[in-house]
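I opened this notebook to keep track of what I looked up in a structure that was new to me. The entries follow the order in which I went through it.

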Amino acid sequence: MYYQWRDKQAWKTFGIDISSPSDEACKLFDINVNQLVRFCNDEALGGLTTTTTKMFEADPDFIMGHVFQKGLAILSPNQNLLGNTSFQEEVKQLKELSKAATVTPWEALHVDAIECGAKGDLLGACKIWQDILVETPLDILALKLSQFANYYLGKTPQLLHPVGSVLCHWTPSVPNHGYVHSMMAFGLEENNMYEEAVKEADQSLAINKIDIWASHAKGHVWEMQGEFEKGIDYFDKTEKDWSSCDMLAYHVYWHWAVYHIEKGDYASAMEIYKRGIHPDVAGFIAIKDSASFLYRLGLEDIDCSKEWKAVFDVCRSHTEDHFFMFQDIHILMALLSADEMKIAQEFTHSMTSGSVPTSKYFLKILEEVGKAVCEALVAYKEGDYAEVVELLMPIQFQLREVGGSNAQRDVLNLLLIVAAMKSPREHHQKFARYLLNERKAMRKNSPLTDRLILRSSVKTTN
């Protein structure tokens, strides 16, 4: 852990020139970045809310403080800021601040990225973050924001390449270098380089055993390779390490719970869900994990009607966000599964009607992939399993575009398989077995796949 927080001169010595005259603001910026890469509101430091307040008390016009705050806001799945006039005005004011003669080129580029993001152009923001990293490879904020954005955009190669391009600069003497290795691990895993991903994650954990992003990357590897027992054992033994990382712990609990679904141990899965993922514990920030977890159980014919009610309750105020397609898909899962059909209909209508401001990229993905996924979710709820297959089959290799990780999007693969099994059409039933054969080849030790194969065989026989 790095505790010698950098003042203005220390940042300059590090290779990053910050225009703020306040040493205290510069140190608090360092503290905030450290909390972000650790996914942890550090109580000893006051947490992000407190340290951000103190940062602006030290320098109300602190450019990089505003960049940090607004970057996190733009990439938060909890809100669509395109129609938020006060936020947009704040971004305009930040842009004006960035025109001052004292502002450095590095800071001005960061403001340009925020301006793009605030307009819904995350692709443009990622291009600017890449330009920043070319000139300033030790900028971990640009690196982190870029990986966040590419995750939501479904840009899998870009989860890896920016990190790989700067990793050589992050030597052991550089503050936070372990967290760059964990970012590398996640990028490698998402690009199916599992052995290399584990090595990078282990290197990070050797530096800091509570690096939750590294543990999370290993969790993805075990999910994709069908090594569920290994994942269960690891998360059980290390819970005290990563559970303190409150910004992401709920998601690691999700991985842990999904392993138990794979085993068919639904009671243990639900116990973990209630402990770390349930809306009463994690709130709306965990909505994707709550919805995905319960939807997977539903695909195995487990009744979760009581649990869906709690998920719906935290969704109801977010039915007009429409900024990240991946988020919208999970909200729709919750609305349908809670039997809120009228609200679900209004939700899907507002996605396509133009009544809610959203980005051109969202509309592009909606047209190419998202609309079909949403219609498939509705069709499954209505029992039209053949229609689900007809909607998802043509886009099965484009699902990455909705965003999220390979493991998270797998719920859509399972939806297609189960719908094909339930379809009255013989070709669809054969297609289900076709998909299951592929799944078995990729995850040889998957009890869930074995259960689905058995169900498929019984249906085909009958």
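These entries deal with enclosed cavities, open pockets, one lysine and the aromatic rings.

**Entry 1, cavities.** I began by noting that this is a predicted model, and I then looked for enclosed space in it. The search of the whole structure returned five cavities of 30 Å³ or more, and the largest cavity has a volume of about 80 Å³. I listed the residues closest to the centre of that cavity as Trp11, Val33, Leu138, Ile140 and Leu141, out of 14 that line it. When I looked up which elements supply at least two residues of this lining, I found α1 (8–14), α2 (23–38) and α8 (140–153). Sorted by class, the lining of the largest cavity comes to eleven nonpolar residues, one polar and two charged.

**Entry 2, the second largest cavity.** I noted a space of about 60 Å³ here, with a lining made of Ile261, Arg296, Leu299, Glu300, Leu414, Val418, Leu448 and Leu452. Two or more of these residues come from each of α17 (287–299), α23 (406–422) and α25 (447–461). By class I wrote down six nonpolar and two charged residues, with no polar ones.

**Entry 3, pockets.** I turned next to the open spaces, where the largest pocket holds about 900 Å³. Its lining has 38 residues, and those nearest the centre are Phe39, Pro77, Met247, Tyr250 and Ile285. Among the elements that give two or more residues to this lining I noted α4 (63–74), α12 (212–225) and α14 (249–263). The classes in the lining of the largest pocket are 21 nonpolar, 13 polar and four charged.

For the second largest pocket I recorded a volume of about 760 Å³ and a lining of 20 residues, with Met224, Asn406, Asp410, Asn413 and Glu438 nearest its centre. The elements α12, α23 and α24 (426–442) each give two or more residues to it, and the largest share, six residues, comes from α23. Its lining divides into eight nonpolar, six polar and six charged residues.

**Entry 4, a lysine.** I asked myself where Lys444 is placed, and I found it in the loop between α24 and α25. Is Lys444 buried or exposed? Its relative accessibility is 60%, so it counts as exposed, the cut-off being over 50%. A polar atom of its side chain lies 3.1 Å from the backbone oxygen of Ala441.

**Entry 5, aromatic rings.** The whole structure gave me 22 aromatic pairs. In one of them, Phe228 and Tyr259, the ring centres are 6.0 Å apart and the planes stand at 55°, so I entered the pair as tilted. Phe228 belongs to helix α13 (residues 228–242) and Tyr259 to helix α14, so this pair ties together parts 31 residues apart in sequence. Phe228 is buried at a relative accessible area of 3%, and Tyr259 is buried at 0%.

I also noted the pair of Phe323 and Phe324, which is edge-to-face, with 4.8 Å between centres and 80° between planes; both of these residues are buried. Ring pairs further join Trp222, Phe228, Tyr234, Phe235, Trp242, Tyr253, Trp256 and Tyr259 into a cluster.

**Entry 6, charges over rings.** I ended with Arg6, which lies over the face of Trp11 at 4.0 Å from the ring centre, and with Lys144, which lies over the face of Trp213 at 4.5 Å from the ring centre.

Notes: Residues are numbered from 1 along each chain as its sequence is written. This is a predicted model: local features need pLDDT of at least 70, side-chain atom pairs count only at pLDDT 80 or more; totals for chains, interfaces and linings use all residues. Side-chain values use heavy atoms; hydrogens and water are left out. On a 1 Å grid over the protein atoms alone, a cavity is a set of points where a 1.4 Å probe fits but cannot get out, and a pocket is an open set with protein on both sides within 12 Å along at least five of seven lines; lining residues have an atom within 4 Å of a point. Grid points are joined across faces, edges and corners, and a volume is the space filled by probe spheres set on the points. Ala, Val, Leu, Ile, Met, Phe, Trp, Tyr, Cys and Pro count as nonpolar, Asp, Glu, Lys and Arg as charged, and the others, Gly among them, as polar. Buried means under 20% relative accessible area, exposed over 50%, partly exposed in between (1.4 Å probe, protein chains only). A polar contact is a pair of N or O atoms within 3.5 Å; within protein, one must be able to donate a hydrogen and the other to accept it, and residues adjacent in sequence count only if both atoms are side-chain atoms. Rings of Phe, Tyr and Trp (its six-membered ring) pair if their centres lie within 6.5 Å; planes under 30 degrees apart count as stacked, over 60 as edge-to-face and the rest as tilted. A charge sits over a ring if NZ of Lys or CZ of Arg is within 6 Å of the ring centre and within 35 degrees of the ring normal.
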